[in-house]
Each structure stands twice: as C-alpha cells, then as structure tokens.
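Colleague: I am new to this structure. Please take a close look at one part of it, strand pairing, and then go on from there to what lies buried.

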Amino acid sequence: MKNLLKCFGSLLFFLFTGQVVSAQKTELQYLSGRDKDHRVNWDFKIDKGRKSGAWTTIPVPSNWEFEGFGNYTYGFEKEDTEEAGHYRHTFKVPDGWKNKEVFIVFDGSMTDTEVKINGQLAGPVHQGAFYRFRYNITALIKAGKSNLLEVKVSKVSANQTVNEAERTADFWVFGGIFRPVFLEATPKNHFERLAIDAKANGSIKIDAFVVHTGTPATVVAQVKTRDGKPFGKAITGKLRPGDPVAHLEGQVTDPARWSPEFPNLYQIEISLKIGGKTLHSVTETIGFRTVELRKHDGFYVNGEKIKFKGVNRGAFWPTSGRTTSRQISIGDANLIKDMNMNAVRMSHYPPDKHFLEVCDSLGLFVINELTGWQYPPYDTEIGRKLVKELITRDVNHPSVVMWANGNEGGFNFDLLPDYPRYDIQQRPVIQPWLNINGMNTKHYIPWNYGIDTFFQGNDVFFPTEFLHGLYDGGHGAGLDDFWNLMQANPLSAGGFLWDFCDQAVVRTDKQGVLDTKGNSAADGILGPYREKEGSFFTIKEIWAPIFFPKRIITDEFNGRLSLENRYNFTNLNSCRFSYTLKKITGFTSADTVVMKGKIISPDVRPNTAGTLNVALPAAWKQYDVLYITAHDLYGREIYTWSWPIATPKQMSDRFVDRGMGEVSVHEDSNLLTVSASNVEIMLNKETGLLQRVKSSGKEISFNNGPILISGDEKLKSFRHYDTLSTHVAEAIYEGNTRFKVKWTMMPSGWLELKYEYRPANQENMLGINFTYPEKNLKGMQLIGNGPYRVYKNRMKGVTFNSWSKTYNNAITGEVWQYPEFKGYYSNFYGARIQTGEGDFKVLSATENLFLHMLNPAEPKYVAKTNSMAVYPASGGISFMHGITAIGTKSQKIEDLGPQSQNNLTFANGGLDTMKGMLYFDFR
C-alpha cells in the first residue's frame, strides 16, 4: 500500500506539471481539473433550463445541474432534448510538442460531445457518456501559441439507443463534462495501446499496438517490482514494417499472485526501440492472476474456487453527481472491504479510472459493465465503439475479472464477438439477469427458487443482484439464509447486493434538500454521505471470513471456540486476535469493568475448520460478556463477536433489591392499589391491566398492560393476596392462549411480573405490550444487543453491551441519523428508560427476549408489503418472544428464507408455552 501511494504521488506530479522525465515518455497536460475537489473554470453557456442563454463560467469537471444550470431529471422523467451546454477554453502547448502526436482525451462527457480545436472539428461527435474517448489534434493545434477549445455537450443523445441504454434508466441522469479532460503528447513512433495477460504461473502475453514509420523495430518489456527493481528477464518482440501490433510472450518465476486477500502488484515497462534508441516507453501496473469460469463447477481464481461477496456500486456523490475523486474511490473501496466483501459490480457503467486502480491496490474483484439499463440496448454500430473504449481503457486491471454486456435485458448479443477481440485475457462475459453460457446471474430469486436452475440446477450461479435494499429492508435482511444456502452449494459463486449507497442529490433548485426521487434511489447499505445503516454490520458479520458456529458460554467453558476459516488464500495464523471481558455494574455507559488480553492466532488453513484457544483469567466467570476481535494481516478489523457470560436471570438477581419493610394495599370496586417505598401501582380489577404508576407522588405514564400482542383474551379471574413480605396480584384470561399474569410488589418498590401464554401457531408477533407516550421519551440505556435494531431475518451485526441511545425519530433512507432509536432489540437484559417524567428501569430474567421500543415512523414513499416490518398496533413498549421479518424492495418477506417466516410454536401435537419474567423499578 505504501509503495502504491508513492507511485500515485509520482504519477500525479508527472501529470500536473506536464513535464517529462525523459523524451520517450508520454507527456500529459490537464485542461480541466482532476476531480470534484480540483477543478478549472471554463467559459460556459447552456441553451435551456436554469441560467440559460448567457455566457458565464462553470468548473470542469462537473455535472452542470449541481452548478445551478439546466434541469435535474431522473431516468424515467421526460428530458428536454434541447438542453445543451457550450464550453470554451483557451490553452497553450509547449514549443517542444511541434514534433509530437497530440491527442485530446475526455474521460467522460454526458452525452453527445462535439469537439472543436481552433474552430475545426476534432472528429465525429462522440456518443456515450461513461467512456474515455480521444481525438488526434496534431494538425489542429499551434504549439507555443494560444489555442481555443470549444465543446458542445448535448444532454440527450441524437441516438435513441444511447438514450435508452444510458438515460431511460432507474438512476439520476445528468449533463456535462463530468470527468477530466487532458492532452497527451507522444513521439511520432508510439504505442497506441497495450493489452497484457499476466497469469498466476508467471506467464505473460502482451499485445503492443503501435504507430510507427515502418522501420523494423523491437518491443522490450521488463517486469519490475513496485519499487522499480527488475523482476525476471526482459521479454522482447519484433516489429516488421507495416505491423500494427507486436506479440510478446515470456515467463517470470514464482511471482506473488494477485487476489483480494493478497493484492500483489507489479509494474511492467514496455519500450519501443529502433536499434539502441528508445522511441517510446510506457509503464503499466499489473497483477499475476488467473480467472476461469469452469462450466458446471465454479468460478476459479488462481486455481481456487471462490464465491463473490459483492455489491453494486455507481459513481456518485450528493453534491457533485457522477463527478467524484480518488479520495471517494479509496473511501468507497475501504467501506466495501470493511463489510468483508471481496467484489463489486459496476452498475451500470464503467467507473472512474481511479476506482479500478484502488480496487487493484486494495483487492476487490470487479465486474465491469457496458451501459444498458434494460431493453433496448445500444445499437450495434455505437455498441461496438463503446465496447472497444470500455475494454481498451481497462483491460490491464487485475481487479477486472469479468465483463457485463449490459443489464436486465439491455443486451446486444451482436457485440459479444467484440469482447475477446480486445480482451487478451478472454475474461468471461455475462448478461446480468440471464442464464447463458453456463453462468446463471438471474436477479431477485426467492430463497427456495429452483426447477433445474440455481440451487437445483447444473450451472454456476451468482445473481448479480439478489437482495434489493430499500430503507431498512433487504441487504442484511435475508442475507444469512441466502448465504448459508450458497455456502452449502458447490455450484454457487456467491452474489451481489443492490446497492452500495443511497443516491440522494443535493437539489440546488430546492434549497439544498437531499432528493432520492421518492424511493427510487434510496436503495443503499449506506447513506449518500456514506452513513452506515444497520445492514452494514449485518453484512460485515455474515461475510466475515472467520465464522464461529453458534454456542452458549456456560460455566464449563474451557476457552476453546470452534471456528471456520472461510478465506481462499489466507491462513488464520497471519490474522490477529484479542479478547475483552466486561462486567456491567449499572445503568450508565460508565458502569463497566473491563479486562483485555491477546490470543495466539490459530494455524487454520483456508477453507478448513479449527479451534481458537482463549487463555482466559481464572476469574472470567465474574464478568458478563466475552468479546473476540479479529484483524486481518493488514490491520483491518474483520469483526468483533460477543458472547454473554451471565444469563438474564443472573444479572437481574444481581441488580434487583427485594428490600425490607411493608407493602400496603388499598382496594375499591374497580382498582387495586399496591405501594411500597414511594412506588404506587394501580391494577384494574375488571381488566387485570396496569392502569397507573406513581413514584414519589409523580405519575409515570407506563400503563395499559400487559396486553397480548397476538390474542383477544377476556379476564376470567383476578385475585390478590399477601405473602411473607410481598403482595401478589394474579390475573387469568380465558381464550385459546391461556394467558396468565402474576404481579409481585416487593418492599423495595421493585415490581416483578411473571406471565405465560400459549400463542396460536405462525403468528407474526408474540409478546406483551404496554402503552407509553412517545412524546415523553428522551432515550434509554440498553443492556442487550445493539446499538442497531434487528428484524427476525436480520439478527446478526449487533453486539451485546450496555448502549446509550438518545431518542430520535429517524426514518431510514430519508433521515440518515444512525443508529435509529425505535424498533426491535434482541437479547434484552434490561434498560433504564429516560423520560421527561423521570427515569425507570426494567430488567428481564428471561432468555431470548426482545424489546420493542416504539413503532418507527413510516417513510413517505414505501412499498408497504415488502419494505416495512410490522410492529404492535398500539405502539408503546413491548417485551416479545417473536418479532417480524422485513422484505426488500422487490421481494416479499416470505420469499427470503426460513428466518423470514412467521413464528412457529406448534410442537409434538400441541402449542409451546411462552413464559417471561420482568422486573420494574419506578423509583
């Protein structure tokens, strides 16, 4: 990584000074800025929309909507075909370029781009927004003098198939020169392009496409390490007069291979020589790796079968649209790696060049895609030009392991012969959403899908979209079941989630509001500024390359934890492990005692199982929770797992004070009032429900419970009686659930609640509910799994701890305030509920209980049947044995696997009895 950054720094110095180290190198001169944070003002006028009709200036690169010009449009909206931007910019080139070939290069321009130099067309209008294109302007420029660049960019293409492929799509469509513009100066004899195939065994093939005068020449290639030292012998090839390409083949011994786990990179310097004179020299970055699609078997990298753990990602930033930066690329790639992913699909267009460079250096598999959102695709004439531009720019990146010929029906099959024509590596070409050529990539399959296909088929399958996020649904929800099935099936090559981030634009025409176009662009695991929603951590745990089978820490625990190494190439002895023991002593974040220690890394080879031996101190049983943290060999956290040591009963026994003194009772025709230690509760004798709570004479609005969330029971009997030092009230309800409630007031003022019921089978929610007004809530100190909420099919990604949570009414995907406050929390041990009426505490003595804290507000635009979970109708605060799952934007809840089904309580011919024990402290 250090050497890579050093290389980047040297390259940037070279690019922006426009100077050359030696005469045979390509010289570059930027006419625009480099990225969204480094831009150059050009003269500009737009024909239609905001600020139209007058010359002014605009920073380049940019999408002009974000600079106050034109109109914002989403893909399904009608566009103004006359919205076009006119650019002017003057520039000079060095006198030394008189004897060179000079090219102007556009890295991306939306959409039809006409280029003039000094009043003359540089070449045909370029059509296609996301591709690098260039013109030879040697005959048009004046070296050493001022030159005028004029560019007309039509937002809507004159080619309707370009609009269908790129703009009539489910994403924002912008206008403008959104990627850099620069000049390249080469010798008259020069390399036009290079295509390199560096295999895992050290073999190298090179196609060097040249422009030369016809004199016999030699092409020499030297592999070098990242610090510039020669690696192996030079490879040579001959060029006869008239040859447009030199074919070179060679071999190096035992190269360090490239993979996402070991992204080893090399340089290769390729020189064009006549006699002993070097005419032109180019250096490329390469990685030695072999990718293969073996039909009816799997996808192999360097001889190892791999599974994609991937996400779809588009180039996007909320204040600049498709104009990004290397820093954004580094940040996004790191976030993808932080989720323990190994792959990214470019959706639905080629990315910035620097994103692929970052994927090379950090280690991510890439599916690089020709734009084509859905049918119809590019026509064959324009499609062939764009396939060439796609591949010739990106062919040498080791991260690119596959090409995608459009998306979801946006396929032009006449283009398929063009991919191997330009790709020396002959990578597989997929049609995302099709089962073709032994590769099944169908989208949004149900978990149990398969009649001679997918899990029951014979083809290698890797859905390029398989869980469609929306707000809090999808992504992590359902992933565990899908991944378990994929892990178990040898034909599975993994899959890709949709998608990386919410694409919310800052609307400069609407006072800066963040706009996701309803729910159209709110599909991300992250927010627009890369805020992490709960699914981020669910994915991080499920796709961690270290897997711990479920276990409970008991008194007999000997420090040995079974684990699986799900890496493809990494032994776990190169990872770093540590443990933390924590004791929770109260109801604030500071009420903890912590002990830390290191763990000897186990020797567990890739794709095998082993044991982690944790040398715990003798007093480990005195703590409440054990954490294990693993870091990879680069220092990146893989995950932190938690195992409670104390049970809920053990913790509640420690915290609950039964006290000494008297419990007083008052009864009238409707109410039973029981009080102790300044706490007074009133139970309604006609309903059996808690009606009022007072503490030191002040009312606390926790009442109207316990009510069964699923059931409509009527009170059958109510009685109360004294015991040795407490007072007990019992309510029995008639109906199918056999609901029983027992309240016990202790002399300390602590209140115990025991309850049991036999719910009907396949209820979506199981538990009891109390009413509490949301307006009074300020926050809570939660002891349980957090800090994020859970769903029945998104239980992973949370950690057992004491969590301080401030009240918010955040709506996932509309207000990016994480973690949310409302919702379901698993493994509930206790909480101090912070209110405007004073705090109160509740503890659980029951294992596997959920806390329901209020009902989340619904997003404004939501598919109710899929992307919203169901909550208790009365809202409030609930204590639950069973909670609901959540669907995705395009998949019903019941289609996402076993964890997404309703709660099953039918066993051995009868219904299971649910039991709970809670303690309340209103003092």
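Modeller: Two strands count as paired if DSSP finds at least two bridges between them. The model is a predicted one, and with that in mind a three-stranded sheet is a convenient place to begin. This sheet is open, its strands follow the order β36-β37-β40, and the pairing is antiparallel. At the edges are β36, residues 546-547, and β40, residues 608-613, each of which pairs on one side only. Strand β37 covers residues 560-565, and two bridges join β36 to β37. Phe547 has Glu564 as its bridge partner in β37.

Another set of paired strands involves β57, residues 830-835. Six of the six residues of β57 are buried, so the strand is described as mostly covered. In a regular strand the side chains alternate between the two faces of the sheet. In β57 one side carries Gly830, Arg832 and Gln834, the other carries Ala831, Ile833 and Thr835, and all of these are buried, which leaves both faces covered. The strand has two pairings to describe. With β54, residues 777-786, strand β57 pairs in the antiparallel sense over six bridges; there, Gln781 stands opposite Arg832. With β58, residues 840-844, strand β57 also runs antiparallel, and four bridges join the two. In that pairing Gly830 stands opposite Leu843. Strands β57 and β58 form a hairpin with four residues between them. In its turn, Gly838 has a positive phi of about 110 degrees.

Phe840 is a member of an aromatic cluster. The other members of the cluster are Phe702, Trp743, Phe770, Tyr772, Phe828, Phe879, Phe920 and Phe922. Across the structure there are 57 aromatic pairs. One of them joins Phe455 and Phe461: the ring centres are 5.0 Å apart and the planes stand at 80 degrees, so this pair is edge-to-face. Phe455 and Phe461 are buried. Within the cluster, the rings of Phe770 and Phe879 have centres 6.2 Å apart and planes at 70 degrees, so they too make an edge-to-face pair, the angle being over 60 degrees. Phe770 belongs to strand β53, residues 766-771, and Phe879 to strand β60, residues 877-882; the pair therefore ties together parts that are 109 residues apart in sequence. The relative accessible area of Phe770 is 0%, and that of Phe879 is 1%, so each is under the 20% limit for a buried residue.

Rings also meet charges. The charged end of Arg88 sits over the ring of Trp55, 3.7 Å from the ring centre. The charged end of Arg193 sits over the ring of Phe209, and here the distance to the ring centre is 3.7 Å.

Nonpolar packing comes next. The largest nonpolar core has 69 residues. Those with the most contacts inside this core are Met341, Val344, Leu370, Tyr419, Leu497, Ile525 and Trp543. Another core lies apart from the largest one and has 50 residues, including Val663, Leu672, Met745 and Val842. A helix can be looked at in a similar way. Helix α7, residues 479-488, has Leu479, Asp480, Asp481, Phe482, Trp483 and Met486 as its buried residues. These pack against β25 (308-313), β33 (494-497) and α8 (534-542).

The cysteines can be dealt with briefly. A disulfide is a covalent bond between the sulfur atoms of two cysteines. The structure holds zero of them. Cys359 is in no disulfide, and the nearest cysteine sulfur to its own belongs to Cys501, 14 Å away. For Cys501 the closest cysteine sulfur is that of Cys359, and 14 Å is too far for a bond. Cys359 counts as buried, at 0% relative accessibility, and Cys501 counts as buried at 2%.

A loop residue closes the tour. Gly70 is placed in the loop between β3 (56-60) and β4 (73-74), and at 0% relative accessibility Gly70 counts as buried. Leaving aside residues up to four places away in sequence, Gly70 touches Ile46, Lys48, Gly49, Arg50, Trp64 and Glu83. Gly70 and Lys155 are 85 residues apart along the chain, and their C-alpha atoms are separated by 9.6 Å.

Key:
Residues are numbered from 1 along each chain as its sequence is written. Side-chain values use heavy atoms; hydrogens and water are left out. Rings of Phe, Tyr and Trp (its six-membered ring) pair if their centres lie within 6.5 Å; planes under 30 degrees apart count as stacked, over 60 as edge-to-face and the rest as tilted. Buried means under 20% relative accessible area, exposed over 50%, partly exposed in between (1.4 Å probe, protein chains only). A charge sits over a ring if NZ of Lys or CZ of Arg is within 6 Å of the ring centre and within 35 degrees of the ring normal. A nonpolar core is a set of buried Ala, Val, Leu, Ile, Met, Phe, Trp, Tyr and Cys residues joined through side-chain atoms within 4.5 Å. Contact means heavy atoms within 4.5 Å. A disulfide is a pair of cysteine sulfur atoms within 2.5 Å.
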